Amino acid sequence: MGSRTREVVKKRSAWLMLGFLCLFAAISGRLVFIQLCRADEYAKWAEKIRWAKIRTLTARGSIYDSNGHPLAVSIRTCSIFANTREVQNVSLTAHRLSALIGGDPKNYRKKISEGRGIVWLAKKIDPRLGDQVKRGWLVEKDGRKRYERIPGIGVWFHRKRVYPAGPAAAQVLGFTNINGRPLAGIEWKFNDILANQDGEILAEVDARGRIIPEAERRVLIEPRDGKDLFLTIDLNVQHIAERALTRVVKKFQPESACVVVMDPRTGEILALANFPFFDPNSALKFPQSTWVNHAVASLYEPGSTLKAITVAAGLNEGISPSSVLARCTGREKIGKNNLRCSLHQPFLHGHGSVDMQKIIKYSCNIGAAHLALRLGSEKLRHYEEAFGLLEKPKSGFSLEAVGYLPKADRWGTVGLANIGFGQGIAVTPLHMASVYATIANGGVRVPPTIVRGTGSHGKMMARLKKPKPQRVISRLAAAKLTEMLIQCVEGGTGKNAKIEGYLIAGKTGSAQVADSGGRGYLPNAFVASFIGFAPADNPRFTIAVVVNRPHGSHFGATVAAPAFREIAQKLLWYYHIPPQPSNGGSVHEKKRGSKSLA
Amino acid sequence: MSAVQRNARINSPDLILLGIVLFLVVSGVLLVFDASYPTSADQSRYGNDAWYFAKRQITYAGVGVCLMLLVSLIPLEWIRRLSIVILLAAIVLLVYVLVRGVTINGSTSWVRLGPFMFQPSELAKLAIIVYLARALGRPGIFSKGREKRWLVPLGWSGLITLLVVAQRDFGTAAVLFAVMFAMFALAGAKKRYLVLAAVLGIAAVVVAMTYLPHCRARVAAFMDPWGHYHHAGYQIVHSLIGFGTGGLTGVGLGEGRVKCYIPAAYTDYIYATLAEELGLVGSLVLVLLFSLLAVLNFVIAQKSKSLYGALLAAGVGSAVSTQALINMAVATNSIPATGIPLPLISYGGSSLVTTLLGLGLVLSVSRNIEVEVEGEEANEDSVNRRRHGRARVPSRGCRGGFARTRSDRRVAVRW
Ligand SMILES: [Zn+2]
């Protein structure tokens, strides 16, 4: 190498070296800037991007019937969405999605290409399909098979409320919206017990949003499953009640109708059916009017079925069952009001001399009015109150109605007479069922309940506190009244409820519907009802059938009594209650140790 | 030749350079493991083996270091004779990759060699260095009226650069350009030509950034990485976050998170993991080591008694330094992104082995510092040049010119 060349090499090497050193120095400056001056800002971004809130899916408590059959459960489900900004190839994505979860690829393509941001492609589908979508698309590359994420497609796992029994006891259960918020019924009333709390963990995640195992994590919200609720409803009884109700509805096309079945010994509501029906699985597709739990929330004038309270008051106050209260000619003027009895064979010209037995057996309004007048408003009101008509039943339902009854000093003679046979007072079907359950239970009132207890994983752990039973009328009075109610079914207005071989106690009722606008009653608008219990000598269940505005007939005896009979018959079979060998009240008398009532 | 070999035995290679290189290679293996295990342990295509990449990198490093030591021991003359073959092999492979390349991670820059995947663009760097060192390693090629002497090497190396550009590998093209610039400068090219080349190079970059859609997207992501988070900006954002969270002293070895986000965490963005885990201290130490490497290379070039050796050292030094600079600049978002590995550190056999081969050449040069290569000695002074040259033409073909180059090739092939 010549000296000149060497000179050039030395000089230019130095220059090049200097150049590179300058560039390395520049990089160093940049490093200082990023790693010292801007460190805080990047740390903030790191916090934002690298930490994610991870949801732990929990379940809302299930609702079971008394036999442990599920009435409402939360199942894991998922919904598929597309983030249109991240979808790379719309038609390929649509094609792959269609292959993975089914559905028309054209539909997906349309949704993705027309939407902006997050677009829902499939809602509440099988979570296994969601797992598949999350895993991705199987591709074969370089001879290796592997799953490739479908860009822009996401899966949201959530819970879906399912009501396995469909419309059964729908108004009792209520329902929840898509977010699991309760909107009605038990779901709403007992939300504190049923509600779950999804957990939340703040954790460092990797690019795919998975928690980095060795990284630190913070629990923000402790996950908590909801507690299960056990109802007193027996799904079998519920089905029996609903089938009978369906038959009534078919025959008489009422506006609404309901059935309440109670165990008089415990106050437990075994079934509570309301027409019109709705399916809580798709509640929002039904009109709101179908969601109403009429048996609990709607007031009606009980009519003749309330005579049981008047008579119970009379009996408890020591009036002899056989003492004649009035002479009925079919019509009578009390005060300004014309009272009428609805007359049938063989009483086409009035019920004649009427005692309490006749009031119940033939449903004599004039007799009941006279009995009420004899008792006086204070006493009668006391019994109405004692039977629980003037308070909420506190059975566990939401939106329970309180019975309507004016204050005793404002009744007047006309009001008192009317209340005696069930007019001018408004209660709910559940109130009336409870009244008859009290009679069936020997005069001791056990308030109705719908929830038996709470638990978890399908097992009941704790019973709910029960209200205290209270004696309303004496055991003797209850026995006498029961005997009268048996006679009503045996040979009175309740004949249609009679079941061969069994003692049935019950009372018909057909009341006009009060005009909601003002005073007076709507023409041709009636509530037909039948309330009773069986077996009368050892009551196992009380059934109230209330049919609002039936068409074709308005008599409780023709509209409601057959439904009562159908339900009672099936329940007798269901509870394996053998028929009584002898007819009449002899067995009953012995058991109760009460005097025969002629 | 006998004199060369005798002297070669006496001088040991530059031990500081060797030390730095070995340190970088070992750190590289550790970093590759550190940055790759979340990926390889997670994905079944890597056998869920946390050591998948580390094992391979250890193999490459072993092979590379052996080759480096071997190259540093063989006489430079051999390499000199082989350079045309290497050049032709590089051209053939570069053309082949354009026709039947294998696509990995979206870039078609791989060819399959038996069970191995190989990147011809890595060989191209080495080929240009050895070829230019030979072609420009004769004094006086920039003398007036003999433009052919330097225009021909310029043409060949330009062709290689264009072939690399055709692969859209602009990072490697930039490295090749830097190598060419440095070697032409060292060989004594006229200043005005060098300025012209620099201006043309910058103009080419500007044109590419303005008109090529592929480049424009990267420029846009460079300007606003957050705005392009879901596409080109993603890796940049996470790389920057890595640098930022590293702070002064880092989050601790193995504790970094960048590797969980960036797919290329163990290749092009390995610097982010280093900076995150060891902080500014770590990232500056690496800059320092590469600066030292550059300094040592150029010092060896200065000290080299032969122009050929000086050109080799400067070429390798520029290649390694430019590559390191581009990689670091990309990782810190100082320039628009271009995929280029961090020399000696990033995962990848082609890059590691060719870089080590190049450094082997430099070690060899450092060993031969006190030795004059015979052929060059013959060309040394202008008085002797013609006589010696002519005397040696038939056997060695030392003189430049296109015709001679062809005869060189024949010799080389025969050899
Ligand atoms: Zn009468």
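**View 1. Strand S10 of chain A and its two neighbours, from a predicted model.** Four bridges tie S10(A) to strand S18 (residues 451–456) of chain A, and this pair runs antiparallel. One place to look is Asp228(A), whose bridge partner in S18(A) is Gly455(A). Strand S2 (residues 63–64) of chain A also pairs with S10(A), but here the two run parallel and two bridges do the joining. Zoom in on that pairing and you'll find Ile63(A) opposite Leu229(A) of S10(A). Are the side chains of S10(A) buried or exposed? Both faces of the strand, residues 228–231, are covered. Asp228(A) and Phe230(A) are buried on one side, and Leu229(A) and Leu231(A) are buried on the other.

**View 2. An open three-stranded sheet in chain A with a helix on it.** The strand order is S1-S8-S9, with antiparallel pairing. At the edges sit strand S1 (51–56) and strand S9 (217–221) of chain A, each pairing on one side only. From one strand to the next, the twist averages 25 degrees. Helix H2 (residues 39–50) of chain A packs on this sheet and touches S1 and S8 of chain A. The direction of H2(A) makes about 25 degrees with that of S1(A). As for the pairing of strand S8 (residues 199–204) of chain A with S9(A), four bridges hold the two in the antiparallel sense. If you want a register check, Ile201(A) has Val219(A) in S9(A) as its bridge partner.

**View 3. Two cis peptide bonds in chain A, each leading into a proline.** The bond from Phe275(A) to Pro276(A) is cis, and its omega is near 0 degrees. Pro276(A) belongs to the loop that runs between strand S12 (269–275) and helix H10 (294–297) of chain A. The other cis bond links Ala534(A) to Pro535(A), with omega about -20 degrees. Where is Pro535(A)? Look in the loop between strand S22 (521–534) and strand S23 (541–548) of chain A.

**View 4. Positive phi at Lys124(A) and His457(A), neither of them a glycine.** Lys124(A) has a phi of about 50 degrees, and this residue is found in strand S4 (residues 118–125) of chain A. Its relative accessible area is 34%, so Lys124(A) counts as partly exposed. Phi of His457(A) is near 50 degrees. His457(A), though, is in a loop, the one between S18 and strand S19 (459–463) of chain A. With a relative accessible area of 77%, His457(A) is exposed.

**View 5. Where chain A touches chain B.** On the chain A side 44 residues are in contact, and on the chain B side 65. The area buried between the two chains is about 4600 Å², and carbon and sulfur atoms give 66% of that. How many salt bridges are there between chain A and chain B? The count is two. Among them is the one where the side chains of Arg257(B) and Glu204(A) meet, at 3.0 Å from N to O. Polar contacts between the chains come to 14 residue pairs, with both residues at pLDDT 80 or more. Helix H1 (3–37), H2 and strand S6 (144–148) of chain A each supply at least two residues of the side that touches chain B. The most comes from H1(A), which gives 22 residues to that side.

Methods
Residues numbered from 1 in each chain as written. Chains lettered and ligands numbered in written order. Predicted model: local features only at pLDDT ≥ 70, side-chain atom pairs only at ≥ 80, totals over all residues. Heavy atoms only, no water. Buried < 20%, exposed > 50% of the residue type's maximum accessible area, 1.4 Å probe, protein only. Pairing = 2+ DSSP bridges. Axes fitted to C-alpha atoms, helices over the stretch in contact; angles between N-to-C directions. Contact = heavy atoms within 4.5 Å. Buried area = accessible area lost by both parts, 1.4 Å probe. Salt bridge = Lys/Arg side-chain N within 4 Å of Asp/Glu carboxyl O. Polar contact = N/O pair within 3.5 Å; in protein donor to acceptor, adjacent residues only side chain to side chain.
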